[in-house]
Amino acid sequence: MLPPSRRDFVSLALAESRGYTNGKQRRQSCWRKWKQLSRLQRSIVLFLLALMLIGGFALYPSLSPQWGVEEHKEQKKQPFIIDVKDQGRPVLPEPRSERRGLRKRGPPALQNRLQGRGNSSEVRLKNAQEEEEGKPLISWHGAVIEAEQATDPNAKEKEKAVEPEDPSVLQLEESRLEAVREAFRHAWKGYKEFAWGHDELKPVSKSYTEWFGLGLTLIDALDTMWILGLKKEFEEAREWVAKELTFNKNVDVNLFESTIRILGGLLSTYHLTGDALFLEKAKDFGSRLMPAFSTPSKIPYSDVNIGKGTAHPPRWTSDSTMAEVTSIQLEFRELSRLTGDPKYREVVMEVMRRVHRLEGKHDGLVPMFINTNSGQFTHVGVYTLGARADSYYEYLLKQWIQGGKKETELLEDYVQAVEGIQQNLLKRSSPLGLMFVGELSHGHFSPKMDHLVCFLPGTLALGVHHGLPAEHMELARQLMETCHQMYVQMETGLSPEIAHFNTQADSIQDVDVKPADRHNLLRPETVESLFYLYRFTKDRKYQTWGWEILQSFNKYTRVDTGGYTSINNVRDPTSPSPRDKMESFFLGETLKYFYLLFSDDSNIINLDKYVFNTEAHPLPIWPQTD
């Protein structure tokens with residue numbers, strides 16, 4: 001009997017589904033079919049499976065790069081989504097780092113640097129079409145960065161475009177701006193009632209004091225009223241200037257103080273308003289100051305009689321201070337530009353040329369005094385950024401900016417001076433480790449820092465904005481914190497005129513104040529620097545610090561009947577002891593800088609178009625053709 005015939009092939013039948021069968025039944029059915037196959041059939045199936053597996057491993061290395069490239073191309077093709085319906089505000093796709101729970105923080109410039117170090121497919125934030133067309137590039141959290149800035153790794157720190165704030169933030173901004181306006185109106189009320197047309201108000205005794213007899217507070221406050229939008233008050237002041245102000249008086253004025261307050265105030269108000277009245281007054285006053293430069297050395301005398309046309313040094317010395325002779329240049333240069341008469345510019349630039357060549361500097365730092373007869377430094381060996389020298393450094397930078405960044409000698413002197421400050425005058429306090437600027441006297445370091453030095457953070461930040469080294473901004477931030485602490489560590493929340501910093505390791509408090517230095521004169525320097533730091537960084541802590549200072553001014557210096565008074569003791573909140581004087585710079589500088597600090601509108605005195613003189617009067621940066 002012959003065995004049944006064997007089929008050496010695989011037969012596959014497709015049957016109609018008869019409903020659901022569980023997995024166990026399917027596994028058993030497959031196993032029975034597998035057992036029913038002959039040995040040869042099972043060997044062929046296993047051989048084919050093994051061959052497919054080996055082929056797959058062999059082909060994978062050559063296929064995987066192509067798959068990766070195709071996937072990367074698909075990613076690059078995906079466009080950014082911009083929702084134009086949300087008030088024109090760009091809406092970014094969610095960054096990959098945020099989808100993974102990693103949130104990168106920082107301003108756009110910092111984010112661009114970080115992105116340059118990472119995976120380009122993961123952090124690319126611009127598309128080629130926008131770059132080619134020169135459109136704004138979208139960056140960090142919806143901020144808009146211009147193409148020139150975003151693609152330049154060494155771009156200077158610029159003012160950031162900020163998304164529209166929510167209503168609560170806008171309401172806070174307006175309430176603070178109104179608080180500054182109210183403070184100005186209160187100060188103006190006292191001046192108008194008790195000191196109208198005179199130099200300075202004595203708010204406690206409801207009287208006034210004269211310095212030059214030229215309505216100093218009124219002229220100093222003109223552009224502040226214009227910037228704050230106080231039209232009624234401005235028109236009152238303009239009428240007085242038109243009808244009452246005359247410079248044909250037999251009176252001595254200090255060249256420096258009258259230039260920065262009166263000449264600077266008139267020029268600034270002319271530029272802001274376009275009113276020729278103020279330019280005519282500025283021409284008259286500027287011409288009357290010219291006799292101060294009639295000296296053997298071309299270094300000007302400190303005092304001028306604007307009625308007689310004569311000038312002289314102080315009665316006790318033939319010296320002038322460095323700040324006096326090198327902080328009048330912005331105003332005289334601008335007067336020449338407006339009048340077409342070069343004589344004003346020539347006399348002040350001759351001073352700068354002579355100082356540039358003088359020996360006696362120490363790493364770019366200058367002594368405090370210069371002799372009007374010999375033209376040489378005196379008291380050599382004493383170097384400070386406080387009184388008598390401070391604005392020399394400020395005006396080096398600002399003249400360079402005013403003139404369109406063409407006068408390299410000014411820039412060289414400024415950069416060298418900053419290096420000199422870093423090498424000779426910086427130390428840290430204890431216990432907080434605050435960076436402060438001391439003084440150097442014949443090789444001996446003194447941890448003394450005037451409040452006047454608090455102009456420096458703002459000046460450093462301004463330099464960085466105009467292209468100077470970025471490390472200047474870090475120094476500005478550290479010094480800004482120090483100036484803030486000069487307020488915070490006082491019981492009234494107001495800074496003393498002079499602070500001494502403790503450097504001993506066992507110190508309890510960083511700031512120490514001698515009894516003779518505890519007065520506060522309503523000075524603007526810290527608020528000025530807060531304004532610059534906020535304008536350039538948009539860090540709202542600087543606004544908060546400024547608001548705290550304004551609150552302290554209102555609490556300890558405000559006089560109920562009108563005006564604000566300087567005080568004698570910032571360490572005694574129960575009896576700060578009013579000095580009965582409101583300096584003109586409180587209206588001309590301090591309140592102006594408060595207003596600019598609290599405003600988020602960078603076009604209110606655009607710092608690419610204006611430069612402030614040392615009395616906070618904005619003057620235009622010259623067009624490139626000048």
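In what order do the three strands of the open sheet lie, and is their pairing parallel or antiparallel?

## The three-stranded sheet

In this predicted model, the strands of the open sheet follow the order 5-6-7, and the pairing is antiparallel. Strand 5 (252-254) and strand 7 (310-312) each have a single partner strand and stand at the edges, so one side of each is left without a neighbour in the sheet. From one strand to the next, the twist averages 25°.

Strand 6 (residues 303-305) and strand 7 run antiparallel and are joined by three bridges. Val304 has Ala311 in strand 7 as its bridge partner. Helix 12 (residues 255-273) packs on the sheet, where it touches strand 5 and strand 6. The direction of helix 12 makes about 75° with that of strand 5.

## His617

His617 lies in the loop between strand 19 (610-612) and strand 20 (618-620). Its relative accessible area is 0%, so His617 is buried. Leaving aside neighbours within four places in sequence, the residues in contact with His617 include Ile260, Arg261, Gly264, Gly265 and Ser268, as well as Lys592 and Val611.

Asp223 is also in contact with His617, and a polar contact of 2.7 Å joins the two side chains. Thr224 is 393 residues from His617 along the chain, yet their C-alpha atoms are separated by 8.5 Å.

## The largest nonpolar core

The largest nonpolar core holds 149 residues, of which Phe332 and Leu385 touch the most other members. Helix 23 (residues 584-598) supplies the largest share of this core, nine residues.

Not counting residues up to four places away in sequence, Leu385 touches Leu365, Asp390, Tyr393, Ile421, Leu425, Val437, Val453, Phe455 and Leu456.

Terms used
Residues are numbered from 1 along each chain as its sequence is written. This is a predicted model: local features need pLDDT of at least 70, side-chain atom pairs count only at pLDDT 80 or more; totals for chains, interfaces and linings use all residues. Side-chain values use heavy atoms; hydrogens and water are left out. Helices (H or I, at least four residues) and strands (E, at least two) are DSSP runs, numbered from the N terminus. Buried means under 20% relative accessible area, exposed over 50%, partly exposed in between (1.4 Å probe, protein chains only). Contact means heavy atoms within 4.5 Å. A polar contact is a pair of N or O atoms within 3.5 Å; within protein, one must be able to donate a hydrogen and the other to accept it, and residues adjacent in sequence count only if both atoms are side-chain atoms. A nonpolar core is a set of buried Ala, Val, Leu, Ile, Met, Phe, Trp, Tyr and Cys residues joined through side-chain atoms within 4.5 Å. Two strands pair if DSSP finds at least two bridges between them. Axes are lines fitted to C-alpha atoms, for helices over the stretch in contact, and angles run from 0 to 180 degrees between N-to-C directions.
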